[in-house]
Amino acid sequence: MRIDVVSIFPEYLAPLELSLIGKARQDGILDLHVHDLRSFTTDRHRTVDDTPYGGGAGMVMKPEPWSQALAAVAEARPGHRGKPVLIVPSPAGERFTQALAHELAGEEHLAFACGRYEGIDERVIEWAGEHFDVRPVSLGDYVLNGGEVAVLAMVEAVGRLLPGVVGNPESLVEESHSDGLLEYPVYTKPAVWRDREVPAVLLSGNHGKIAQWRRHEQFRRTSERRPDLLEAFDAGKLPRADRSALQELGYDIVDGRPVRRPGKAESAG
Ligand code: SAM
């Protein structure tokens, strides 16, 4: 996969040289390029921002350096077919999810346009549609100073889904959000640490019981921490053990979705 990132702070992306993503770059799985937006300016001060039309606080990123930078990125894609995807990090974008990470992991070429100040002149986003499949994407419902942190998160989430990046691909299967639920709690040695014991079932060697316990913990955790996920979970074709786990936690399955029984206190599991 090729990834291009445009930013006024290219150094901000330095962590993408580390750890699994850094290794994926060395191994040729990820061909990642970071571009300095200021190198696409033409004035002496390398200006990238100006005051907003209509007044108001803050500055807006000027369209011309962005169009130059994005045109260069759109051209730099040997052998690729179709339009690359341009992710524009923005608190006003669609929410970044594991499902979107999977979708983006199937692309040949991703580009990221890191906004700063009050964001990028909207006409750039419209114009970019001629060259890219443009997607404004939000990391969450809060405001960051710039798109770089969002890009670090998105590149890591997408990059680790590429074949060969994570050593054991099975570890991707049971993770939080891979099946719409949060992951179960995990433990390692020693079996007793500061008087706290690892749940006995995990030491039992009974793989069926361990799987059942883990599934129950997934439901319990999701119910406690992210009831919105559990209510959206497709429970239509669940095996009997999963249905009873949900029942125990105070949920009935109505039209294929878990629905909390009114007044039922949540079980500690
Ligand atoms: N005025 C903008 C608004 O209210 O929608 C916020 C601008 S923010 C200070 C500057 C830049 O940070 C944005 O252009 C975007 O690139 C990035 N950013 C801020 N919050 C973000 C979020 N939740 N997700 C993704 N990017 C974000």
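# A walking tour of the chain

Start by selecting Pro190, which sits in the loop between helix H6 (170-173) and strand S8 (192-193). You are looking at a predicted model. Now show the backbone on either side of the bond from Lys189 to Pro190: this peptide bond is cis, with omega near 5°. Why pause here? Most peptide bonds are trans.

Stay in the loop between H6 and S8 and select His177, which also belongs to it. What is the phi of His177? The angle is positive, about 75°, although His177 is not a glycine. That is worth a look because most residues other than glycine have a negative phi. If you turn on the surface, His177 should appear partly exposed, since its relative accessible area is 35%.

**Another positive phi**

Next, go to Asp255, in the loop between strand S10 (251-254) and strand S11 (257-260). Asp255 is not a glycine, and its phi is a positive value near 50°. Is Asp255 buried or exposed? With a relative accessible area of 77%, Asp255 is exposed; the cut-off for that word is over 50%.

**Stepping back**

Zoom out until the whole chain fits in the window. Colour by secondary structure, and you can count nine helices and eleven strands. How far does the chain reach? Along its principal axes, the C-alpha trace spans about 70 × 45 × 40 Å. The radius of gyration of the chain is 23 Å, while a compact globule of 269 residues would have one near 18 Å.

Switch on the surface of the chain. About 15300 Å² is exposed, and carbon and sulfur atoms supply 50% of that area. Of the 269 residues, 40% count as buried. Contacts in this chain often link distant parts of the sequence: among those between residues at least 6 apart, 70% join residues at least 24 apart.

**Into the ligand site**

Now select the ligand and show what is around it. How many residues surround the ligand? There are 18, and the closest are Pro89, Glu118, Leu139, Tyr142 and Leu144. Colour the shell around the ligand by residue class to find nine nonpolar, eight polar and one charged residues.

Which strands should you highlight here? Strand S5 (85-95) and strand S7 (133-138) each supply at least two residues of the shell. S5 gives the most, with three residues.

Next, show the backbone atoms of Leu139, Gly140 and Leu144, and draw a distance from each to a nitrogen atom of the ligand. For Leu139, a backbone N or O atom is 2.9 Å from a ligand nitrogen. For Gly140, the distance from a backbone N or O atom to a ligand nitrogen is 3.0 Å. For Leu144, a polar backbone atom lies 2.9 Å from a nitrogen atom of the ligand. How much of the ligand does the protein cover? On its own the ligand has 580 Å² of accessible area, and the protein covers 82% of it.

**A buried glutamate**

Move on to helix H7 (residues 207-225) and pick out Glu217. Glu217 is buried because its relative accessible area is 6%, where buried means under 20%. Which residues does Glu217 touch, leaving aside those up to four places away in sequence? They are Tyr184 and Pro185, so display both side chains next to Glu217.

**Val34 and the long view**

Now find Val34 in strand S2 (residues 31-36). Val34 counts as partly exposed, at 31% relative accessibility. Leaving out residues up to four places away in sequence, Val34 touches Val5, Pro10 and Leu13. Then draw a distance between the C-alpha atoms of Val34 and Glu217: the two residues are 183 apart along the chain, and the gap is 41 Å.

**Last stop: Gly167**

Finish at Gly167, in the loop between helix H5 (148-159) and H6. Is Gly167 buried or exposed? Its relative accessibility is 75%, so Gly167 counts as exposed. For a last distance, join the C-alpha atoms of Gly167 and Ile87. These residues are 80 apart along the chain, and 27 Å separates the two atoms.

Note on methods:
Residues are numbered from 1 along each chain as its sequence is written. Side-chain values use heavy atoms; hydrogens and water are left out. A residue is near a molecule or strand if one of its heavy atoms lies within 4 Å of it. A polar contact is a pair of N or O atoms within 3.5 Å; within protein, one must be able to donate a hydrogen and the other to accept it, and residues adjacent in sequence count only if both atoms are side-chain atoms. Accessible areas come from the Shrake-Rupley method with a 1.4 Å probe; for residues, only the protein chains shown count as cover. Helices (H or I, at least four residues) and strands (E, at least two) are DSSP runs, numbered from the N terminus. Ala, Val, Leu, Ile, Met, Phe, Trp, Tyr, Cys and Pro count as nonpolar, Asp, Glu, Lys and Arg as charged, and the others, Gly among them, as polar. The radius of gyration is taken over C-alpha atoms; the globule rule is 2.2 Å times the number of residues to the power 0.38. Buried means under 20% relative accessible area, exposed over 50%, partly exposed in between (1.4 Å probe, protein chains only). Contact means heavy atoms within 4.5 Å.
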